[in-house]
Amino acid sequence: MLYACETGSRAWGFPSPDSDYDVRMIYKHPLDWYLTLSEKKDNVEYMSDDKEIDLTGWDIRKSLKLLFKSNASLLERIQSPIVYTQKEGFVEDYLNFAKQCYSPISTLYHYLKLAEKSFEEVTVLKEYRLKRMFYALRGSMACKWIMSRNEMPPILFTKMVEELDLSLDLKFRIAELIEFKAIKSEAYMHSGEKMVFRFIEETILEAKSKANSLPGRKVKQVDLDSYFKKVVI
């Protein structure tokens with residue numbers, strides 16, 4: 001086991017009382033496991049009977065292949081504020097490599113898709129799940145972060161809200177909604193929030209117009225191979 005952390009709403013900073021635990025892991029096998037031509041299972045999955053614990057793990061090789069593509073989920077989880085276990089020195093090295101793999105254009109498209117899909121779901125209904133609106137809000141906030149800063153988005157939603165150039169009214173309303181969500185179940189239905197909706201809509205339009213002008217990743221395949229060998233050997 002190289003690393004295990006919490007992701008999802010608990011790590012993002014806006015859980016509900018009945019939010020489940022989204023545990024994500026990165027692990028490695030002994031060297032001989034990789035020295036074969038046969039394809040082997042490179043992930044593990046587990047869901048507790050009460051569905052309170054959702055656990056997924058990826059082998060380091062699978063993890064690095066995805067990280068090389070600037071996989072947003074991996075960029076997030078290596079920054080998780082809730083770490084269950086880690087091999088000494090792994091997080092620092094992995095995070096440094098993640099920063100090299102970070103592609104603003106690829107990552108923005110990931111969050112843009114998240115924002116668009118979630119926003120479409122909430123705008124067609126008079127009442128919608130507050131959870132879905134937060135997905136749209138988090139996706140658009142990450143887009144805003146990518147467009148305004150030369151660094152990958154933090155996993156903590158509140159960090160983006162606090163440090164981005166947003167109106168005080170919007171920041172205050174988001175803080176209220178986070179507190180409100182903390183006492184409501186996942187199934188709670190919400191309505192309204194024109195100011196928040198306007199921010200999401202405007203950010204989606206801005207992201208669409210600027211996406212293709214953003215740069216790609218800096219790391220090369222040879223760097224990926226070198227880091228993989230370092231971790232495994």
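Start your tour at the largest cavity, which has a volume of about 40 Å³. Keep in mind along the way that this is a predicted model.

**Stop 1: the cavity**

Select S16, R129, L130, K131, K181, K184, S185, E186 and Y188, and you will have the residues that line the largest cavity. Try colouring them by class: 2 are nonpolar, 2 polar and 5 charged. How many cavities of 30 Å³ or more does the whole structure hold? The search finds 1.

**Stop 2: the largest pocket**

Next, move to the largest pocket, with a volume of about 410 Å³. Which residues should you pick to find its centre? Select T7, G8, W12, D22 and Y135, the ones that lie nearest the centre among the 21 residues of the lining. Now switch to a cartoon view and highlight α1 (8-12), β2 (21-27), α4 (72-77), α6 (104-123) and α7, since each of these elements gives the lining at least two residues. Colouring the lining by class shows 11 charged residues, along with 6 polar and 4 nonpolar ones.

**Stop 3: the second largest pocket**

Now select K99, Q100, Y102, P104, N150, E151, M152, P215, G216, R217 and K218. Together they line the second largest pocket, whose volume is about 220 Å³. By class, this lining divides into 4 charged, 4 nonpolar and 3 polar residues.

**Stop 4: the nonpolar core**

Time to look inside. In soluble globular proteins, nonpolar side chains tend to be buried together. Here, the largest nonpolar core has 69 residues, and I60, L64, L67, Y94, M141 and F157 are the members that touch the most others. Which helix should you highlight for the largest share of this core? Choose α7 (residues 130-148), which contributes 12 residues.

Then zoom in on I60 and show its surroundings. Beyond its neighbours within four places in sequence, I60 is in contact with L2, I26, Y27, K28, Y34, F90, Y94, F228, V231 and V232. One of these partners, Y94, is also listed with I60 among the core members that touch the most others.

**Stop 5: the cysteines**

Finish by selecting C101, C5 and C143. A disulfide is a covalent bond between the sulfur atoms of two cysteines. How many disulfides does a search of the whole structure find? The count is 0. Why does C101 have no such bond? Its closest cysteine sulfur, in C5, is 17 Å away, which is too far for a bond. C101 itself is buried, at 0% relative accessibility, and C143 is buried too, with a relative accessible area of 1%.

Note on methods. Residues numbered from 1 in each chain as written. Predicted model: local features only at pLDDT ≥ 70, side-chain atom pairs only at ≥ 80, totals over all residues. Heavy atoms only, no water. Core = buried A, V, L, I, M, F, W, Y, C linked by side-chain atoms within 4.5 Å. Buried < 20%, exposed > 50% of the residue type's maximum accessible area, 1.4 Å probe, protein only. Helix = DSSP H or I, 4+ residues; strand = E, 2+ residues; numbered from the N terminus. Contact = heavy atoms within 4.5 Å. 1 Å grid on protein atoms, 1.4 Å probe; cavity = no way out; pocket = protein on both sides within 12 Å on 5 of 7 lines; lining within 4 Å. Points joined across faces, edges and corners; volume = space filled by probe spheres on them. Nonpolar A, V, L, I, M, F, W, Y, C, P; charged D, E, K, R; others polar. Disulfide = S-S within 2.5 Å.
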